[in-house]
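Me: I have a structure open and I'd like to know what stands behind the words used for it. Could you take me through them?

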Amino acid sequence: MREEGDKLNSVLETKLSDLDEYSLGHVFMFLTVADLDRCILVCKKFQYIIQRFIFPKKCLSSLVTGSEGGASLSLYAFTHRKRVRLNENWRIGRYEERTYFNHNVMYISQMLVEREWLYMTHGGRLQAHRRTKNQYMIDTKIQWMVGNAGDSDFTALVKQGDRFFGGRMDGKLVIYDHDTRQLYVQPLADSMIKAVDFDGNVYAVTTKDQSTYILHCSLLDRDLLNNYEHELLQLSQVYFQAYETIKLNNNRLAAGKFHCSKKQALQLLDLYSSATIQLNSSSMAVYDVLWKDEHCILSGNFDTTMRLVDTRTGNDEACWTDPYDASVYCLSYNGTHAVCCGMKYHYRVNLYDLRVPKRCVQMYFPSKKHNNYSPVYSIATDYSQLFLVTDRNLRILNFDADWAVVKDYASM
């Protein structure tokens, strides 16, 4: 009996710190950053395990801050602990909001975000604004600008390297090479340009009422930007179908129709064979598409869904439905698991985890400073900031704000 009592006392006297590092690591993985910060103060053993193993490991599985793509867009070199904390803020809805470029007349700006720059269109102008590390997040002063206020409005804009490629409401294409400061404008169609994209020397353009065009630009033609005697972009293919959205991936073009009564709005165009491949994604209208990887497409749809489509099978592999029955207007993908969707009403953004089927991780409702219910037309994210374009302004949600009020709509 004495031996059994000694064993019982020995078990009762065992402390958490007596566990091996693997067991402690398993326990620590379930703790929040606030709990881990307290555990670090217990002893050097806890401190070493948490700082050396737990925070880096939690970063790998983080929804928003686990992607190297987000790091390339962020102004800050966040520590592992900070990245885990930011991920918690995204999940629980802790952020502060700022609004820029208010305009009373409804206008949809085109937006691009890079590590140090924010590019915005205002009417017929393309403006560059420097991102800052202060509380305002961007400098509203224009660093450089191309185009004029009287020019036709930009309706689409993409960028690769130092080259911008845009489309205008009057059917003209705009190419601006910031490295050489050269601007080129080329007429294409009599219809408004809806979407553009380019990859290397292959350019894709779709118009509102007419067709989809594939054009080529030789790398030797950079000096032709100021030579108006020649057309920089040479037409190579025409598809007699107009689309709402297009995205290039090497020799394949993902394309979504604005309306299809047969619920076959998502198609794949093979630029080598000029074939049009019908994908089996049951959608009446597709408002935005993104290439998740070489084989999979993410689509934002009129029917309130965001779908993951595998081009090898042509089928929907997963589908997420908005709980408030709003259409998905635009998408932003961080390269790993997080997808942000700009919704049709109330400036709302939905955050989805591709590892979690059907469920919305969080919803963000920016404050309404105008008496309207604008959709989110364009969206971009990095580790700590969410940029969204409405029909009246640009809004930035900053998740590096541990002091902010939590707006948790995940359980609604």
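Reply: Gladly, and let's begin at a pocket. Helix H6 (residues 80–92) gives the largest share of the lining of the second largest pocket, five residues. A helix here is a DSSP run of H or I with at least four residues, a strand is a run of E with at least two, and both are numbered from the N terminus. Please keep in mind that this is a predicted model, where local features need pLDDT of at least 70 and side-chain atom pairs count only at pLDDT 80 or more, while totals for chains, interfaces and linings use all residues. Residues are numbered from 1 along each chain as its sequence is written, and side-chain values use heavy atoms, with hydrogens and water left out.

Me: What makes a set of points a pocket?

Reply: On a 1 Å grid over the protein atoms alone, a pocket is an open set of points with protein on both sides within 12 Å along at least five of seven lines; in a cavity, a 1.4 Å probe fits but cannot get out. Lining residues have an atom within 4 Å of a point. The second largest pocket has a volume of about 260 Å³, that is, the space filled by probe spheres set on points joined across faces, edges and corners. It has 14 lining residues, and Lys58, Val84, Asn87, Glu88 and Arg91 are the closest to its centre.

Me: How many residues of that lining are nonpolar, polar and charged?

Reply: The lining of the second largest pocket has six nonpolar, four polar and four charged residues. Nonpolar covers Ala, Val, Leu, Ile, Met, Phe, Trp, Tyr, Cys and Pro; charged covers Asp, Glu, Lys and Arg; the others, Gly among them, are polar.

Me: Why is Phe101 called buried?

Reply: Buried means under 20% relative accessible area, exposed means over 50%, and partly exposed lies in between (1.4 Å probe, protein chains only). Phe101 has 17% relative accessibility, so Phe101 counts as buried. Of the 412 residues of the protein chain, 53% are buried too.

Me: What is notable about the phi of Phe101?

Reply: Phe101 has a positive phi of about 55° and is not a glycine. Most residues other than glycine have a negative phi. Phe101 sits in the loop between strand S1 (96–100) and strand S2 (111–113). Asn250 also has a positive phi, near 60°, and belongs to the loop between strand S14 (245–249) and strand S15 (252–256). With 52% relative accessibility, Asn250 counts as exposed.

Me: How do you know that Arg38 and Asp35 form a salt bridge?

Reply: A salt bridge needs a side-chain nitrogen of Lys or Arg within 4 Å of a carboxyl oxygen of Asp or Glu. The closest N and O atoms of Arg38 and Asp35 are 2.4 Å apart, and the pair forms a salt bridge. Both residues lie in helix H3 (residues 33–40), three residues apart, about one turn of the helix. Arg38 is exposed at 53%, whereas Asp35 is partly exposed at 26%.

Me: What makes Lys194 and Glu244 a pair that ties parts together?

Reply: Their closest N and O atoms are 3.5 Å apart, and they form a salt bridge. Lys194 is in strand S10 (residues 193–199) and Glu244 in the loop between S13 and S14, so the pair ties together parts 50 residues apart in sequence. Lys194 is partly exposed at 25%, while Glu244 is buried at 17%.

Me: Is Asp353 buried or exposed?

Reply: Asp353 is at 3% relative accessibility, so Asp353 counts as buried. Asp353 forms a salt bridge with Arg355, the closest N and O atoms being 3.0 Å apart, and Arg355 is partly exposed at 37%. Elsewhere, salt bridges that share partners join Lys82, Arg85, Glu88, Asp400 and Asp402 into one network. The structure holds 21 salt bridges.

Me: Why is Val238 called partly exposed, and which patch is it in?

Reply: Val238 is at 32% relative accessibility, so Val238 counts as partly exposed. Val238 is found in strand S13 (residues 234–239) and forms a nonpolar surface patch with Leu235 and Phe240, with about 330 Å² of accessible area together. Patches take residues with over 30% relative accessible area and no salt bridge, joining like charges within 9 Å and nonpolar side chains (Val, Leu, Ile, Met, Phe, Trp, Tyr) within 5 Å. Accessible areas come from the Shrake-Rupley method with a 1.4 Å probe, and for residues only the protein chains shown count as cover.
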